[in-house]
Amino acid sequence: MKILFDYGHGGSDPGANYKGRKEADDVLRLGQAVAKRLRGAGVVVHETRTTNETLGLGARVKRDKADKYDYFVSFHRNAHSPEKARGAEVYTYPTASAKAKDLAVQLQNALVRVRFTNRGAKVTNYYVLRNTRSTVVLIEAGFIDNIEDNRLFDERFDVMVEGLAGCFVD
């Protein structure tokens with residue numbers, strides 16, 4: 001199995017932020033921990049970025065199209081209005097394959113086991129979902145502008161990593 005992990009935002013685009021916490025940093029940390037766990041299980045994991053660098057959406061999609069991947073997984077943290085929303089959700093494209101929809105449900109269930117509020121597996125028309133060639137999902141690992149979601153993200157980080165990695169390996 002070969003997977004491309006995409007850590008949203010980065011560099012001049014920190015993504016959502018709250019009280020000094022940046023989405024780009026959180027998703028890099030989470031994705032790289034999941035990648036390390038998967039590599040230990042023999043899965044080939046490539047990454048769109050490995051540092052806090054700026055990378056546009058087109059470059060992310062180009063990386064997917066440059067090789068053949070079983071999955072493209074984009075990691076994000078959500079934001080709405082401080083302390084008004086919470087929970088995790090996983091997105092697929094409206095015309096996604098059954099394989100993508102099944103993975104989205106598995107990943108969503110793993111995030112719910114972390115104790116994030118279940119916002120469900122959903123569909124949307126995001127650029128990376130629409131333009132990648134691989135089976136693609138986009139993870140929103142809690143709301144960065146919610147103190148409780150940040151507490152879960154930090155205190156149950158290892159549970160989250162194991163759960164997400166477990167969706168790809170036994």
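Two strands pair if DSSP finds at least two bridges between them. Keep that in mind as you work through this predicted model.

**Exercise 1. Which way do β6 and β8 pair, and over how many bridges?**

Solution. Start with the cut-off: pairing takes at least two bridges. β6 and β8 have three bridges, and they pair in the antiparallel sense. Now pick out one of the contacts in the ladder: Tyr91 has Leu138 in β8 as its bridge partner.

Next, look at β7, residues 118-123. Four bridges join β6 to β7, and these two run parallel. Here you can find Ala88 standing opposite Asn118 in β7. To finish, trace the chain: β6, α3 and β7 together make a right-handed β-α-β unit.

**Exercise 2. Sort the residues of β6 by the way they point. Are they buried or exposed?**

Solution. First, a rule of thumb: in a regular strand the side chains alternate between the two faces of the sheet. Now apply it. Ala88, Val90 and Thr92 point one way, while Glu89 and Tyr91 point the other way. Then check the cover: all of them are buried, so five out of five, where buried means under 20% relative accessible area.

**Exercise 3. Which helix gives the most to the largest nonpolar core?**

Solution. Begin with the core itself, which has 36 residues. Phe5, Leu30, Leu38, Met160 and Leu164 have the most contacts inside it. Then see who contributes: β1, α1, β5, β6, α3, β8, α5 and α6 each supply at least two residues. The winner is α1, with six residues in this core. Apart from this core lies another, made of nine residues, including Val61, Phe72, Tyr91 and Leu129.

Zoom in on Leu38. Leaving out residues up to four places away in sequence, Leu38 touches Ile3, Phe5, Val43, Val45, Ala165, Phe168 and Val169.

**Exercise 4. Why do the buried residues of α5 line one face of the helix?**

Solution. List them first: Asp149, Asn150, Leu152 and Phe153 are the buried residues of α5. Look down the axis of α5 and these residues fall within an arc of 160°, so they line one face. The general idea helps: an α-helix has 3.6 residues a turn, so residues three or four places apart point the same way.

What do the buried residues of α5 pack against? Follow them and you reach β2, β3, α1, β5, β8 and α6. Last, check the N-terminal end of α5, which Asn146 caps. A side-chain oxygen of Asn146 lies 2.9 Å from the backbone nitrogen of Glu148.

**Exercise 5. Take Ala165 and Asp154. Which one is buried and which one is partly exposed?**

Solution. Go to Ala165, in helix α6. Ala165 has 0% relative accessibility, so this residue counts as buried. Beyond residues up to four places away in sequence, Ala165 touches Val34, Arg37 and Leu38. Ala165 and Ala41 are 124 residues apart in sequence, yet their C-alpha atoms are 9.4 Å apart in space.

Now move to Asp154, in helix α5. Its relative accessible area is 36%, so Asp154 is partly exposed. With residues up to four places away in sequence left out, Asp154 touches Arg21 and Arg29. Finally, compare chain and space once again: Asp154 and Asp26 are 128 residues apart along the chain, and 9.6 Å separates their C-alpha atoms.

Terms used: Residues are numbered from 1 along each chain as its sequence is written. This is a predicted model: local features need pLDDT of at least 70, side-chain atom pairs count only at pLDDT 80 or more; totals for chains, interfaces and linings use all residues. Side-chain values use heavy atoms; hydrogens and water are left out. A nonpolar core is a set of buried Ala, Val, Leu, Ile, Met, Phe, Trp, Tyr and Cys residues joined through side-chain atoms within 4.5 Å. Buried means under 20% relative accessible area, exposed over 50%, partly exposed in between (1.4 Å probe, protein chains only). Contact means heavy atoms within 4.5 Å. The arc is that of the directions from the helix axis to the C-beta atoms. A polar contact is a pair of N or O atoms within 3.5 Å; within protein, one must be able to donate a hydrogen and the other to accept it, and residues adjacent in sequence count only if both atoms are side-chain atoms. A crossover is right-handed if, with the strands pointing away from the viewer, the path from the first strand over the helix to the second runs clockwise.
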